[in-house]
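Biologist: Could you take a close look at one part of this complex for me, namely the side of chain A that touches chain B, and tell me which elements give two or more residues to it? Please also tell me where the confidence is under 50.

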Amino acid sequence: MSHAATTSSVYAVLAEFENPTELLDAANKTREAGFHGLEAYTPFPVHGLTEALGHPRTKLPWLVFVGGLTGTCTGFFMQLWMQTLDYPVNIGGRPTDWGSLPSWIVVMFECTVLFAAFTAVFGMLALNGLPKPYHPVFEAKNFAEASRSRFFLSIESTDPHFDVAKAEAHLQALSPRSVSVVSTEQDSA
Amino acid sequence: MAALTPNPYAYDAGDAVLGGNHTYGSLTDKISRPVLDPTIRPGWALGILISGSVAGLLFVTIIYLVFTGIGIWGNNQPIGWAFDITNFVWWIGIGHAGTLISAILLLFKQEWRTSINRFAEAMTIFAVACAGLFPLLHTGRPWLAYWMLPYPNTMWMWPQFRSPLMWDVFAVSTYASVSFLFWYTGLIPDLATLRDQAKKIWTKRIYGLMSFGWRGSAMHWQRYETAYLLLAGLSTPLVLSVHSVVSFDFAVSVVPGWHVTIFPPYFVAGAIFSGFAMVLTLAIPIRKWYGMEDFITNRHLDNMAKVMLATGLIVAFGYAMEAFISFYSGNTYEVYMIKNRMTGPYWWSYWCLLLCNILIPQLLWIPGIRRSAGWLFFLSIVVNIGMWLERFVIIVTSLHRDFLPSSWSMFTPTFWDFSMYFGTIGFFFFNMLMFIKVLPMISAFEMRELLSKKLRHGHYGGGHHGGGGHTAPSPATSGAPAHGPVGTEPAGGAL
């Protein structure tokens, strides 16, 4: 976290807060001041934070819906093919055609839930870009507390008008516990 | 709101869902301590030793069973299913409470679920693992169990999808996978905490890999919360369907005592009943031995007892309907079935069942009993036994005397029936003890969320009158604050 880092090698500037209220306040002020590329790191989800940072809502529910629908169709066509088209078997005189649909509902339902649940979890991980064991922000000062008791606000260098000095000055003015600059260079582990 | 003479069983607004005087830091540390503390508690070691040995018995039983065959059990004709399916349904039922607590109580916004949902979900996974052993091994040729899956094969055959036994394959596999995903997803942020708090390099690396590099980014949390909510919404109908499908194993048949339309809701209510009993059996010792009374409070015990009472009443209604309809039907076989249950050779199991599941749980109407850890522990064991007996009665007494008297027989369990059953109990407790040691048994990030609500609103369940907002950052106080008396100002978010 050397302050002598040039703007091009800086990943982000982080400010550390002690509770979610201060963080939300800071996030709103920072967004209103015109900064972009905002991010926050918290030990639990804070309501209203993604809006305060200017992030859009996630598309995950749509993915899960499509996943679930795929599951239903898989269950249906699998049973249709196996029980009706490929090898119909007379079991106790029960219908071997579409009349068997009620007995197919259970497996269709289970396939729906299975596919939807897998889409939810793996979709969430994929959209989050996880697993990603290393990230520059882990080098920030006191970042281990981000998963315990501290709340970090970050102005990232993806902001088109990113300037280290300006970002640092703005964050200092919000009276955080500390401000640190995170560089993109990976320290030798 | 304090009474003049403090009553330990009193239920007032002071029964908070989160007690003590915690900060985010102290709460996290308390939950992480059993995992990160390298010292091995002698009680835990003893538990591992005993449960491990009993699990070893399971291992030996399985090997003997696979090599020799189902004949080592007491199953015969006509009692083709006995302890094996009784135990299967018992374990699956126990598993359902975990999903109910995680998923259904989340959807109902019941905040008291937060401190119990992690180990309840772990309980579900281990219970389903134990349950799965039985349908797998009772097939007689378990090495061919993959025949139940719909894969293109050299016999050019497909499974029979009209059978509840096939529905079971899909339902239970889906339930096992989805429960595991739900549990693991809930663990990811806590694994990140362990990664950050661990001191030893290999501990850090392992938790780091398991947490996928979670860093608590706001956008990640948004997607995470969405996925979590969706999983809860999916798991709710799933858990209802799984036990309904298990009940179809019986209801779709023609055997008197099995062909009962009330079975799906009766089984689901019974599952929740026995599941909450097992959660109590686990929660009461854990909170005592790990000092988690601030997180699993009297309010939790009270609420869990109420759920047990409610589902117990539904189950009682199910028994009453079974008996009534059997007589009311006038069908010779149905009438004989219920008479045989009440007065035949297995009469003792039926009346023990009514005692354990209907009579004794009525004690839960008494508030003092609901808030007493000792009474609840006793009651939870009674209900666990009663629910096992229920499945035994349904399966064995219906099968041993059905339509044709010349086929009637008796079932006597063998040593291997018992060794398999108690072996799975040992395996279950072994897994639970290992879980307590390597993973956080309470969902730390959800507890922090709960704490933040409490600090923000000043009162939470009334026990603490904190300020409306957070205190300004004070010079860092070293160490975690001690559990102060009720009513002291919570120290905001400062460490």
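**The side of chain A that touches chain B**

Modeller: I begin with a caution about the partner chain: over residues 459-495 of chain B the pLDDT (the predictor's confidence in each residue, from 0 to 100) stays under 50, and for this stretch the model has 77 contacts beyond four places in sequence, two residues being in contact if their C-beta atoms, placed from the backbone, lie within 7 Å. This is a predicted model, in which local features need pLDDT of at least 70 and side-chain atom pairs count only at pLDDT 80 or more, while totals for chains, interfaces and linings use all residues. Residues are numbered from 1 along each chain as its sequence is written, and chains are lettered from A in the order in which they are written.

Turning to the part you asked about, 58 residues of chain A are in contact with 59 residues of chain B. The elements of chain A that give two or more residues to this side are α1 (20-32), β2 (38-41), α2 (49-53), α3 (60-86) and α4 (101-128), where helices (H or I, at least four residues) and strands (E, at least two) are DSSP runs numbered from the N terminus. The largest share, 16 residues, comes from α4(A). By residue class, this side of chain A divides into 36 nonpolar, 14 polar and 8 charged, with Ala, Val, Leu, Ile, Met, Phe, Trp, Tyr, Cys and Pro counted as nonpolar, Asp, Glu, Lys and Arg as charged, and the others, Gly among them, as polar. For the complex, the predictor gives an ipTM of 0.92 and a pTM of 0.89.
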